[in-house]
Amino acid sequence: MKGKRFQWITILLTVCIMLLWTFIVPLEAEASSFPEFIKIGLKYGSTGPSDCTLSSKSGFVLGTITEEGFKETLPLPAYSTVVASIENGHVALHDQQGVLLSANIGVNGCLAAADYKENGLITYENADYRGGMLLLVNSSNKLSIINYLKTEEYLYGVIHREMSQSFPIEALKAQAVAARSFVMESYGRHTADGFDVCSSTHCQVYGGYNAEYPSTCQAVNETKGLLVWSKGEPAPVFYHKNSGGHTQSIGEVWSFPMNHLTGKVDPYSPNYPWSATIYFNTLEQKLTRAGYLTGSIQSVKIGGRNSAGAVSKLIIEGNKDTVNLEKEKIRSVLGTSLVRSRHFNIGTEYLGRDGMSSLIADFQLSNGRLKKDVGEKVYVLSAGDKLKEVNSAELHITNGNKTIKAKTTETPSDTPDSVVATGDKVIFTGVGSGHGVGMSQDGAIEMAKQGFTFDQILHFYYTDIEVR
Ligand SMILES: [Zn+2]
């Protein structure tokens, strides 16, 4: 009898635990979910202004930002222009004639258009913004001007600045999901400044209402709330302009490897050639600015390549010291707009198109006389005449005791990595643009043109993910 009761208690406890589990899990998922509102720093730090003029066709309403959102405190519908300035360490508000409206709008004081509930706009420095303007006195005793609005509406003003509104809708939708997921990565970067993200390339470029287009709003609306998830969590997402034929693993670009940010062969990024010439005296200045005291430059050579075929180490020899620049440090020291990607060769002269084609190791089939380039897919015919589709990057060749990858991403032996640039300059010849991690925007555009959906585009560029 006692044993039976014990059994029942055990069953009851198990059911209770299971019930609790079902309740706890969604709550946890909720906790890591996407923020409904976002604060974007338009002006902050020592570059913030001492005063600012805001206007709104419908007049204003003053309020406070709380955990729950915007709370109205003082309606000001009669004023279509107000001037905020710092007085006695507080943000004070005057009308255009200098009449005081509020001596202190409060620590989280925020101005919204009187018709903000009907998407009324605020104008600041000839640009229109949705939501409200949070005004703070910062540590440099300047004003921080922060746009506070719904995160989905923030995305309306981001997409076109990251990918032109004229591109196919499925590419714009992939960009919308990536931009939304990137908020998860960049959210909180500026907590110390009193906001969540800035409006420049440091976070994501944001242009407010004037950067909105029907196509970009459609892309955001049709992917509302969708994020990239990896291993049951919303995943940090990166994107770049053009992969140059092979995306990069994040561990080979910055620091920690992440499963969903693994490099892969990218047949969709169109050819994006570039070249750059850096004279040794300029190079020395760049290195000095970065804290390397090499003395006058003697030579530059490639010290290694990563699994994507990109340069992982650049060796610069000076008459005082030799510097090894590794990973993205190469681009950040030499200039990211100059050295567009790390898929490059170097030389003392321009290598031309042939110099670039050897950057991405190709897989070719040959009968000994003719050669043919193999694309992403190869078809293997079995004994029973069954065709099997294989990704050419995954194809292996065996002689029975040794197996090797057919398509190697190792540097082909004819790549002139042994070239040492000496004299007075180094010439870079490369393909691709950006850090190469995650989605290639040019590749996404090409995939959309070929009929792929945003979901397929994201699944191609991010490994083992869910979009939900
Ligand atoms: Zn930022």
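Select I86 and V91 to start: I86 stands opposite V91 in β6. The model is a predicted one, and this tour moves outward from that pair.

**The β5-β6-β7 strands**

Extend the selection to residues 81-87, which form strand β5. β5 and β6 run antiparallel and are joined by six bridges. Now look at the turn of this hairpin, where two residues lie between the strands. There, pick N88, which takes a positive phi near 55°.

Next, select residues 90-95, strand β6. Five of its six residues are buried, so β6 is largely enclosed by the rest of the structure.

Continue to β7, residues 100-102. β6 and β7 pair in the antiparallel sense, over two bridges. To find the register, select L93 together with S102, its bridge partner in β7. The hairpin of β6 and β7 has four residues between the strands. G98 in this hairpin takes a positive phi near 90°.

**The seven-stranded sheet**

Switch to cartoon view and pick out the strands in the order β4-β3-β8-β11-β12-β1-β13. They make an open sheet of seven strands with mixed pairing. Which strands are at the edges? Select 69-76 for β4 and 197-198 for β13; each of these pairs on one side only.

Inside the sheet order, select β8 (residues 109-113) and β11 (residues 132-137). Three bridges connect β8 and β11, and the sense is antiparallel. C110 is a convenient marker, with L134 of β11 opposite.

**Helix α10**

Go to residues 454-461, helix α10. Show side chains for F454, I457, L458, F460 and Y461, which are buried. They cover an arc of only 160° around the axis, which puts them on the same side of α10. The general rule is that an α-helix has 3.6 residues a turn, so residues three or four places apart point the same way.

What do the buried residues of α10 pack against? Add α4 (169-186), β30 (439-440), α9 (441-449) and β31 (466-467) to the view; these are the packing partners.

**The largest pocket**

Keep α4 on screen and add β16 (239-240): each supplies at least two residues of the lining of the largest pocket. The space in this pocket is about 490 Å³. The lining has 16 residues, and the closest to the pocket centre are F182, T201, C203, Y239 and H435. Colour the lining by residue class to see six nonpolar, six polar and four charged residues.

**S243**

From β16, follow the chain into the loop that leads to β17 (273-279), and stop at S243. Is S243 buried or exposed? Its relative accessibility is 3%, so S243 counts as buried, the cut-off being under 20%. Select D266, S269, H343, G432 and S440 around S243: these are its contacts once neighbours within four places in sequence are left aside.

**The whole protein**

Finally, zoom out to the full protein, which has ten helices and 31 strands. Of its 468 residues, 46% count as buried. Among contacts with a separation of 6 or more, 65% are between residues 24 or more positions apart.

Notes. Residues numbered from 1 in each chain as written. Predicted model: local features only at pLDDT ≥ 70, side-chain atom pairs only at ≥ 80, totals over all residues. Heavy atoms only, no water. Buried < 20%, exposed > 50% of the residue type's maximum accessible area, 1.4 Å probe, protein only. Arc of directions from axis to C-beta. Contact = heavy atoms within 4.5 Å. Pairing = 2+ DSSP bridges. 1 Å grid on protein atoms, 1.4 Å probe; cavity = no way out; pocket = protein on both sides within 12 Å on 5 of 7 lines; lining within 4 Å. Points joined across faces, edges and corners; volume = space filled by probe spheres on them. Nonpolar A, V, L, I, M, F, W, Y, C, P; charged D, E, K, R; others polar.
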